[in-house]
Amino acid sequence: MSRLRFGLAFVLLAGAAALGACSKTGSPPGGFGVNITVDATMVPSAQRAMITTDKLTVVSDAAGSTPVIRMLDDLPKAIAGGTVRFHYTPGTGVSAGDKLSFGLDVMNGSARIASGSATVTLETGAVSLTIALASGGNDGGLGADGGKGNGTACVTDDECGSGFCADGVCCNEKCDDVCVSCKLSTSKGTCTPYAADTDPEMECAANLGTMPPASDGGMTTAEAGASSEAGTEAGAEASSADASSADASTDADENDLVVINQPDGGFMTMPNACAGTCGGARACKYPGATTTCGKPFCNSRGDVGTFVCDGNGSCAPTLASCTNFSCDDSMGNCGTSCSGPLDCLAGKYCDGTTHKCVQKDANGLTCVTNDECASGYCVGGVCCNTSCNPMQGLSCNDPMGTAGQCKCPGVTCGAGVACQVFYQDADGDGFGNRDGVVGTTTTPSLTAKAGCMGSPPPAGYVADNTDCDDGDPNAHPNQTAYFATPTLGKHNFDYDCNGTNETETPQYVSCKFCGAVGSCSSTTGVCSSAGETGSFQCPQEGIYRIPIGPIEPIATGGKATTFATTPTPSIQGPPPLSSRVEPIIPIRSACCGCAASDKTGFLTAVACGTTGTTYTCSACGAVGGSTAPGTPTVKVQRCR
């Protein structure tokens, strides 16, 4: 609210003598403001002589202004002459185009002798007006009962003949509704509604409610509504509202309450968007649900939250359910296309061709992925009621059974007895065909058969299914031998079923002398002692023993003397578990590149089953001598 401030400059006029005496003061100031003339000539001189005090009331029609009251100390004495002039300068907040209403009361003590009023519109320069004073009982701006007439500036109800002082002027009624004024220039003194779609006094502001704090786990829609109305009532009204809310909460069906979950980063609202304007009928009108007042958010995968105005000046959340597509967090709305399962709601799956979320299939319908099936299981090309593991002999699309129902094809097992698959062991090595597949009653299979758990396998079948080539008895897991020809069934060299071809003879590039134990990789091209044998590679190798005999020193071809057991020969690395009698005890690191396989090998890549030439690194004749591949030997590269 801005208050009017003014300066007063007096020029007193009281008959010819007074006029001549006061002419020395010159004319009133001429800047922005009002040059006011108070004309008391209609008040008897005897009454003017009785004036001891006065009150000037100034009311602006500028929105938000309040009346200004000022006592003019020099006026009671000066008014005895009949006329007074002074200049009034408005304060901050009042500008050209605003209307000012002036009311002047002159009194003897508290008894009013005369009153007058006038209104003027401000301009950029000074304007002039005259306030004509009239004694009580005449029509000089007073009411019939001696109070001020409607439209006259006032401060209290007692001043007005109507008994109502509203908006700084005497009014025809109390005029305390919203969106009304008694000081409109076209109807001053009469309580009049503001025009529709205006709000000069900002009475129709939005109700700025509060949302849950960032740590809040969520709120119900009922709480959200109460939150948005927070702070709009006080005292007893607030207590009453709380009591009503409590009663409503007690009566409400909890199943009807929807929880609002706060998104990451909190709610983003614009409650001022719900501010209203005057409706032209002593009331505010506010935006409804068609006006948004916040950023939409994903309340869950299945619904999107939006903030809309409620028609009462508040911004409140509302939820809308998604269909088919889940809510997109990045956009705050329901999706319109999909690329994976998370883009679709429960019961839907993403069609990779159309990128649309469609209904999942029932059991027995064809499928490609588990996600297409309502059960979550796609087995053998149909949606199945269980995971129905084919490796256990089960089938979900046996023509003799019920499509979509997991069955043990061609076998009826007792209650509680599971289905079991037996795999063909065509080569008789004790390992069953790992590619075995159980057939159906109409399309039987020889590679695997369904049976019942605990029953003996059919002749020629075993429970194992690890044989990678059931057409060659030498091909099976744990095979340690190497072979020069491919397997009989698959015609490859994967005899140990590990998926790779392990060569028997290594392939190297050049010979060198290894470093000392502890730094084997520090190789050189010359020897440090006569007779030292070169190596293709220089790993540090340990010597182990089984403690069943005395330990004796032995000489090796590397750069170290080590120990091994006797009569058990030295071996590289721990012996196979099957040959251990007692725990293996490592003696110490023995040598670098001293194993035979480190010193002999092919110099070029030789394919499995083909012939190549191996070479062995030579020994140096004297200190400083070199080593080179020698002793060529023709050999077949065997593999497993």
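This is a friendly exchange about aromatic rings and a small sheet in a predicted model.

Colleague: What makes Phe-267 and Phe-307 an edge-to-face pair?

Modeller: Their centres are 5.5 Å apart, and pairing asks for centres within 6.5 Å. The planes meet at 85°, and over 60 degrees counts as edge-to-face, so the label follows. A search of the whole structure finds 6 aromatic pairs, and this is one of them.

Colleague: Where in the chain do Phe-267 and Phe-307 sit?

Modeller: Phe-267 lies in the loop between strand S15 (259–260) and strand S16 (277–278), while Phe-307 belongs to strand S19 (residues 303–309). The two are 40 residues apart, so the pair links distant parts of the chain. Both are buried.

Colleague: Why is the pair of Phe-297 and Phe-307 called tilted?

Modeller: The planes stand at 40°, with the centres 5.7 Å apart. That angle is neither under 30 degrees, as stacked would need, nor over 60, so tilted is what remains. Phe-297 is in strand S18 (residues 297–298), 10 residues from Phe-307, and both of these residues are buried. Phe-267, Phe-297 and Phe-307 form one aromatic cluster.

Colleague: Now the sheet: how do you know that S36 and S37 pair?

Modeller: Strand S36 (residues 611–617) and S37 share 6 bridges in the antiparallel sense, and at least two are required, so they pair. Cys-617, for example, has Pro-629 in S37 as its bridge partner.

Colleague: What makes S35 and S37 the edge strands?

Modeller: The open sheet has the order S35-S36-S37. Strand S35 (600–602) and strand S37 (629–636) each pair on one side only. The twist averages 35° from one strand to the next.

How values were computed
Residues are numbered from 1 along each chain as its sequence is written. This is a predicted model: local features need pLDDT of at least 70, side-chain atom pairs count only at pLDDT 80 or more; totals for chains, interfaces and linings use all residues. Side-chain values use heavy atoms; hydrogens and water are left out. Helices (H or I, at least four residues) and strands (E, at least two) are DSSP runs, numbered from the N terminus. Axes are lines fitted to C-alpha atoms, for helices over the stretch in contact, and angles run from 0 to 180 degrees between N-to-C directions. Buried means under 20% relative accessible area, exposed over 50%, partly exposed in between (1.4 Å probe, protein chains only).
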